[in-house]
Amino acid sequence: MDNAVGVDSGRSRWGSTWVLLAVLTGVASYLCWRVLQPFAAVILWSLVLALMFAPMNRKLLALTHRPNLAAGVTLIVAVVSVLLPVGFLSLAVAGEVADLIDQAPGKWSEWANDPELQARAGRWRADLGARFPVVERIDGERVRASLTLLGEAIVKRSVGLVGRFLQGVVEFIFILFSLFYLLRDAERFEGALRGLLPLSKQQSDRLIARTVEVIHASVFGVIAIAFLQGALGGVMFAILGLPSPILWAVVMAFFAMIPMVGAGAIWLPAAILLLVTGHSGKAIALCAVGALVIGTIDNVLRPRLVGGRSGLHDLVVFFAVLGGLKVFGVVGLLVGPAVFAVAWSLLELFRESARESSSDAPAAGSASG
């Protein structure tokens, strides 16, 4: 009897201790998140770059057997091939945004007060109204006022982006610092991660491999295709004499990374603007290049570079990209789909574990019988 009471007392004490540990762990994890939250973008960029350059770092480590040297050389390659081009591109975009801010009000006033342009727009509206009566209900003055407000909002937002330059420099330094240690101590971080996961070695290997595969598919597939589409669009903008070709190339590349949207969200309105302003030849050329070249790149290269490696439906990827962008910033374009892929992999592992448990239960019952 005393033994039973002692066992019950021990179980009660262990239950209280487990609850206390769980609460303290939750509080500590929350506090850690609040401490690291300001650096979430830096950490995520460092992790993505570390996964991208991990194969190169492993090869250098196997050749030199010096972790610091291997990580240092890999870091230099990452800076030269990725970070510096992105930095120079950001500076070029910032410069074009500043020019756009200076030129946009005058250009808009010029278009709004151009009698020839107004007459052309009136003829088009009358023609469209004859075919589609709903067009006649559109208030031109309200549309013009809405476009003006939109332009002012874009200008204000652009000024804020330019003002973040210093913050970008600081984040760049933090990324370099973090990336070096992630590369040098990759095995220690991976071992710690495996130790925290309540999974078998086979399951943890599968989960980590799945995460790496999705990120690689996003980086080497989605971003490569988007970069090529944006570059071609920017070159076409420059040839046609459209303003701020580098800025619009970056915007096109951004939209190209969003499923079901694509670079056409930029070059098609630009072609319409060229047509409205009387440059029909340039509009036709831009539409031809956009539809036959820029659009074809996505249809041809995406199945080869990305294929079904993400394992996610396009609709899921669409919301994952936009949601990741809202939560994590630009790096969310990569992190959003990866989060969904990891969650799906965890659900699959949970389902398999449940099946194994249910299959083992009858066997254990028959053995005891």
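## Nonpolar cores, surface patch and aromatic pairs

Phe255 is partly exposed, with a relative accessible area of 24%. This value, like every other one reported here, was computed from a predicted model. The neighbouring topic is the ring pair to which this residue belongs. The ring centres of Phe254 and Phe255 lie 5.4 Å apart and their planes stand at 75°, so the pair is edge-to-face. Its partner Phe254 is likewise partly exposed, at a relative accessible area of 26%.

In general, the distance of the centres and the angle of the planes serve to describe a pair of aromatic rings. The count for this model comes to four aromatic pairs. Two of them are set out below.

| Ring pair | Distance of centres | Angle of planes | Class |
|---|---|---|---|
| Phe180 and Tyr181 | 5.4 Å | 85° | edge-to-face |
| Phe254 and Phe255 | 5.4 Å | 75° | edge-to-face |

The angle of 85° between Phe180 and Tyr181 makes that pair edge-to-face because planes over 60 degrees apart fall in this class. Tyr181 is partly exposed, with a relative accessible area of 32%. Together with Phe177, the residues Phe180 and Tyr181 form one aromatic cluster.

The interior is considered next. In soluble globular proteins, nonpolar side chains tend to be buried together. The largest nonpolar core of this model comprises 27 residues, and Phe237, Leu242, Trp267 and Leu286 have the most contacts inside it. At least two residues of this core come from each of helix H8 (201–239), helix H9 (245–256), helix H10 (264–276), helix H11 (280–305) and helix H12 (314–328).

What is Leu286 in contact with, leaving aside its neighbours within four places in sequence? The contacts of Leu286 are Met236, Phe237, Leu240, Leu242, Trp267, Ala270, Ala271 and Leu274. A second core, separate from the largest one, has 24 residues, including Phe53, Ala78, Phe180 and Ala338. Phe180 thus links two topics of this report, being part of the second core and of the aromatic cluster.

On the surface, a nonpolar patch is formed by Val35, Leu36, Phe39, Ile43, Leu47, Val169, Val170, Ile173 and Phe174, with about 710 Å² of accessible area together. Helix H1 (2–36), helix H2 (40–64) and helix H6 (165–184) each give two or more residues to the nonpolar patch. The most come from H6, which gives four residues. One of the patch residues, Leu47, lies in helix H2. Leu47 is partly exposed, with a relative accessible area of 37%.

Key. Residues are numbered from 1 along each chain as its sequence is written. This is a predicted model: local features need pLDDT of at least 70, side-chain atom pairs count only at pLDDT 80 or more; totals for chains, interfaces and linings use all residues. Side-chain values use heavy atoms; hydrogens and water are left out. A nonpolar core is a set of buried Ala, Val, Leu, Ile, Met, Phe, Trp, Tyr and Cys residues joined through side-chain atoms within 4.5 Å. Buried means under 20% relative accessible area, exposed over 50%, partly exposed in between (1.4 Å probe, protein chains only). Contact means heavy atoms within 4.5 Å. Patches are made of residues with over 30% relative accessible area and no salt bridge: like charges are joined within 9 Å, nonpolar side chains (Val, Leu, Ile, Met, Phe, Trp, Tyr) within 5 Å. Accessible areas come from the Shrake-Rupley method with a 1.4 Å probe; for residues, only the protein chains shown count as cover. A salt bridge is a side-chain nitrogen of Lys or Arg within 4 Å of a carboxyl oxygen of Asp or Glu. Rings of Phe, Tyr and Trp (its six-membered ring) pair if their centres lie within 6.5 Å; planes under 30 degrees apart count as stacked, over 60 as edge-to-face and the rest as tilted.
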